[in-house]
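I opened this notebook to keep track of what I looked up, one topic at a time. The entries follow the order in which I asked my questions.

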Amino acid sequence: MVTLKIALRSLLRRKVRMVLIGLLVFLGTMLIVMGETFSLSTSFSSKKSIIDNFTGDVILYSSKAKEKPTPFAFNSPLPVIGNSGHIEAWLDSNGLCVSHVAIAQNYGMMSIDKNGKKTDVPFIFYAVDPVKYYATFKNVSMQSGTFYNSLGTGIQEGVVLSVLQQQTYKKNYAVDLNEGDAVTLLSIGDAGSVNAQPSRIVGIYKPKYYSNVFNYINFLDITSYSRLYNFTGVDSASLPASVNNALAQQTDDDIFGLAGNTSSMVETSSLVSKELSGYTTIAVKLKEGVSGTLFRKRIAQMGFDVKCATWEESAGFFAYIGSLISGVIYGATILIFIIVIFILMNTLIINVLERTGEIGTLRAMGAEKGFVRLIFLWESFLLNGIASFAGMFASFVLIAIIAAGKGVILPDVVQQYLTGGAPLKLILSIRPFAEAIGLVGLVSVLATVYPVRVATKITPLKAMSDK
């Protein structure tokens with residue numbers, strides 16, 4: 001261990017210089033650990049927040065759609081999903097998901113008649129089954145009224161306005177809408193006809209998360225939506241048994257054979273109309289341990305006329321914020337450690353030049369090049385190792401303190417995109433510390449490559465000639 005003793009003595013002789021280098025390594029290590037911890041926490045929190053409040057793990061949408069579903073598909077709504085009821089029944093029974101909710105995104109108008117003055121205002125909304133939506137996404141904080149009485153009995157029909165939309169209508173249209181106010185919903189049919197559906201305001205809400213999106217989204221119950229857009233069909237219970245049996249078959253012959261079957265004649269007076277959904281997406285939360293790949297495979301086997309998008313694909317820019325921040329942090333970390341490498345290399349070269357006589361004496365006493373090389377490697381590893389472990393310990397303490405508190409409070413705009421508006425909870429993980437050890441070790445080796453080459457070329461004659 002002679003090389004270790006010589007290296008330690010050399011470090012102690014140059015305390016000020018080595019402390020400055022150690023400080024750089026200390027700060028660089030903290031940047032790695034804190035930066036990677038922040039990055040991992042951001043990715044985890046962003047994913048969890050998006051899935052819990054925004055998209056679910058996967059989103060199903062019509063196979064006829066040319067674009068993927070997004071939170072902003074209002075002006076050009078996605079095609080309606082066919083047989084959404086059958087799909088939801090399968091989701092209830094397949095054992096793969098925790099919950100699911102079908103959603104229809106659309107854009108319409110509301111007509112308000114207050115104090116003898118009629119005003120039409122634009123209306124962006126999600127049409128949902130209130131009970132399923134409330135069970136899947138806990139993003140609604142009611143300021144007045146209830147979310148369609150989704151926690152009680154007897155679902156209400158009507159509109160739930162966001163606080164921002166309520167304020168916007170008041171500011172831009174001089175219309176003050178509150179719980180209980182009557183409105184008329186308007187929609188445009190395919191032939192340009194206008195459908196009108198009487199309704200009312202059943203509540204005012206404020207989004208708990210992602211207010212930069214949901215502030216502009218209102219809610220409509222799916223029953224009102226179906227009436228408004230004329231999504232109607234025939235209740236199968238009112239059809240003859242022979243018709244239902246044929247429709248349940250898998251072959252075209254059975255279905256089209258109805259045309260020649262006199263026992264399948266239907267009395268139109270006995271038919272009962274049934275409102276269809278008009279859903280454009282179905283958000284699905286998967287059980288823990290169930291992968292999106294497995295779910296895609298299973299739903300493809302069912303032959304449903306739908307496509308499947310992951311939460312990343314549906315959330316768009318929101319899903320990639322964490323990755324973007326990670327890239328910035330890694331870039332800053334690499335830049336700092338490049339600076340550390342050059343400073344350390346320069347210092348070691350000066351150190352070598354100052355110790356020409358000492359190195360020449362060691363060589364004259366029979367020290368091999370490997371012996372000299374080991375001295376400088378020990379110096380590098382000792383200095384960087386002590387500084388990096390000090391940086392990791394300081395980072396561990398700081399992360400533990402922050403994790404025990406309410407989390408990191410970021411600027412509101414940043415926080416909205418990263419976590420939906422909640423404080424960022426730091427997650428203690430071994431990965432940042434392992435990366436710090438690996439990177440510091442790499443720096444220690446790289447910084448000594450050239451100085452060691454210079455040191456091993458010093459001969460006793462060279463040392464004597466420099467005196």
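The entries below go from the whole chain to its empty spaces, its cysteines and one buried serine with the helix that follows.

**Entry 1: the whole chain.** I noted at the outset that this is a predicted model. I then looked up the make-up of the protein chain, which has 17 helices and 12 strands. Of its 467 residues, buried ones make up 45%. I also looked at contacts between residues at least 6 apart in sequence, and found that 77% of these join residues at least 24 apart.

**Entry 2: the largest cavity.** How many cavities of 30 Å³ or more does the structure hold? The search gave two, and the largest has a volume of about 110 Å³. Its lining is made by 12 residues, and those nearest the centre are Phe54, Ile59, Thr70, Gln105 and Tyr126. I then asked which elements give two or more residues to this lining, and they are helix 2 (15–55), strand 2 (97–114) and strand 11 (281–286). By class, I counted seven nonpolar and five polar residues in the lining of the largest cavity, with no charged ones.

**Entry 3: the second largest cavity.** This one has a volume of about 40 Å³, and I listed its lining as Arg355, Glu358, Ile359, Leu362, Val372, Ile375 and Phe376. Helix 13 (356–364) and helix 14 (369–404) are the elements that give two or more residues to it. The lining of the second largest cavity has five nonpolar residues, two charged and no polar.

**Entry 4: a pocket.** I turned next to the second largest pocket, in which about 320 Å³ of space lies. It is lined by 16 residues, with Ile51, Asp57, Leu286, Lys287 and Glu288 nearest its centre. Helix 2, strand 11 and helix 11 (311–315) each supply at least two residues of that lining. The lining of the second largest pocket divides into six nonpolar, four polar and six charged residues.

**Entry 5: cysteines.** How many disulfides does a search of the whole structure find? The result was zero. I looked up two cysteines individually: Cys97 counts as buried because its relative accessible area is 9%, and Cys308 is also buried, at 12%.

**Entry 6: Ser162.** Is Ser162 buried or exposed? It counts as buried, because its relative accessibility is 0%. I placed Ser162 in strand 5, which covers residues 159–162. Its side chain reaches the backbone oxygen of Asn215 at 2.6 Å. Leaving aside neighbours within four places in sequence, I listed the contacts of Ser162 as Ile204, Tyr205, Phe214, Asn215, Ile217 and Asn218.

**Entry 7: helix 5.** I asked which residues of helix 5 (residues 163–173) are buried, and the list is Val163, Gln165, Gln166 and Tyr169. A general point is worth writing here: an α-helix has 3.6 residues a turn, so residues three or four places apart point the same way. What covers the buried residues of helix 5 includes strand 2, strand 3 (117–128), strand 4 (140–145), strand 5, strand 7 (194–207) and strand 8 (218–221). Last, I noted that Ala174, just after helix 5, takes a positive phi of about 55°.

Note on methods: Residues numbered from 1 in each chain as written. Predicted model: local features only at pLDDT ≥ 70, side-chain atom pairs only at ≥ 80, totals over all residues. Heavy atoms only, no water. 1 Å grid on protein atoms, 1.4 Å probe; cavity = no way out; pocket = protein on both sides within 12 Å on 5 of 7 lines; lining within 4 Å. Points joined across faces, edges and corners; volume = space filled by probe spheres on them. Helix = DSSP H or I, 4+ residues; strand = E, 2+ residues; numbered from the N terminus. Nonpolar A, V, L, I, M, F, W, Y, C, P; charged D, E, K, R; others polar. Disulfide = S-S within 2.5 Å. Buried < 20%, exposed > 50% of the residue type's maximum accessible area, 1.4 Å probe, protein only. Polar contact = N/O pair within 3.5 Å; in protein donor to acceptor, adjacent residues only side chain to side chain. Contact = heavy atoms within 4.5 Å.
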